[in-house]
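Subject: Structure handover

Hi,

Here is the structure I promised to pass on. Have a look at it first, and my notes on what turned up follow underneath.

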Amino acid sequence: MDPIVEFENVGVSLGGRRILAGIDLKLAPGGRVGIVGPNGSGKTTLVRTAATLLSIDSGRAVVLGLGAESGDLSRARSAIGLIGHQPALIPELTLIENLTHVARLAAIDTGRIQHALEVVGLSEAADRRASACSFGMRRRIEIAHLLLTKPRLLLLDEAAAGLDASARQLIAALVRSVGDRGGGTIVVSHDLNQLDSLCDHVLTLSSGRLEEAR
């Protein structure tokens, strides 16, 4: 089977500064790759490149079978799930309205929303505006979002930071479900213990380059 993500000698520059240099990365179906590294090493840039949100300026990048040069990456993006540093919800909408919005955009049966809320433990808070919710609650709704959309590529950029043990277990279950469907996951974290528990392969990103963590 084709890799979920394949980077060959990928370079990315932002604002005239080289952030990633000569990145080689292959994420196989069912694979779970962890990325660890110091602040400023390019971890978020790597995640955003895998999410097709940033353009490469050298090398070759293929995500879900589509190369960066294809021009139309909408098909790949619809199968990518990303959780970044801050929860990405519409603050003026309630939690259930945020999930309904996602479901309608993705043409998903809205009848599945209640089950997703139950899984993340927020059924009773469904009508609370996102702006009035704690960080942990908003993060749980992002997890519910991905339970609905079932991405083939899951990208987690410090997604478990600041969460309690039960929310971390939800993230672990999400990673397993993506792998069980033949998808792949890239997890960025400062917590090497977390990466060891979630991933089957851990790499270090330093000065824009990847190397084995051990």
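Before anything else, please keep in mind that this is a predicted model.

I'll start with R48, which is found in helix 1 (residues 43-50). Is R48 buried or exposed? Neither, quite: R48 is partly exposed, because its relative accessible area is 35%, and the partly exposed class runs between 20% and 50%. Leaving aside residues up to four places away in sequence, R48 touches L53 and L54. There is also a long-range relationship to look at: R48 and L155 are 107 residues apart along the chain, while their C-alpha atoms are separated by 8.7 Å.

Next, the sheet. It is an open one of 6 strands, in the order 6-7-8-3-9-10, and the pairing is mixed. Strand 6 and strand 10 (209-212) are the edge strands, each pairing on one side only. From one strand to the next, the twist averages 20 degrees. Strand 6 and strand 7 run parallel and are joined by 4 bridges. If you want a spot to zoom in on, G81 stands opposite L154 in strand 7.

Two helices pack on this part of the fold. Helix 5 sits on the sheet, where it touches strand 6 and strand 7, and its direction makes about 175 degrees with that of strand 6. Helix 6 lies across strand 3 (32-36), strand 7 and strand 8 (184-188), running at about 155 degrees to strand 7.

Helix 5 deserves a closer look. It covers residues 135-149, so to speak 15 residues, and spans 21 Å from its first C-alpha to its last, close to the 21 Å expected at 1.5 Å a residue. Its buried residues include M137, R139, R140, I141 and E142, with I143, A144, L146 and L148 also on the list. These buried residues pack against strand 6 (80-83), helix 3 (95-105), helix 4 (113-119), strand 7 (153-157) and helix 6 (165-180). Right after helix 5 comes K150, whose phi is positive, near 50 degrees.

Last, the cysteines, in case you were wondering about them. How many disulfides does the structure hold? The count is 0. C133 is buried, because its relative accessible area is 9% and the cut-off for buried is under 20%. C199 counts as buried too, at 8% relative accessibility.

Happy to go through any of this with you on screen.

Cheers

Notes: Residues are numbered from 1 along each chain as its sequence is written. This is a predicted model: local features need pLDDT of at least 70, side-chain atom pairs count only at pLDDT 80 or more; totals for chains, interfaces and linings use all residues. Side-chain values use heavy atoms; hydrogens and water are left out. Buried means under 20% relative accessible area, exposed over 50%, partly exposed in between (1.4 Å probe, protein chains only). Contact means heavy atoms within 4.5 Å. Two strands pair if DSSP finds at least two bridges between them. Axes are lines fitted to C-alpha atoms, for helices over the stretch in contact, and angles run from 0 to 180 degrees between N-to-C directions. A disulfide is a pair of cysteine sulfur atoms within 2.5 Å.
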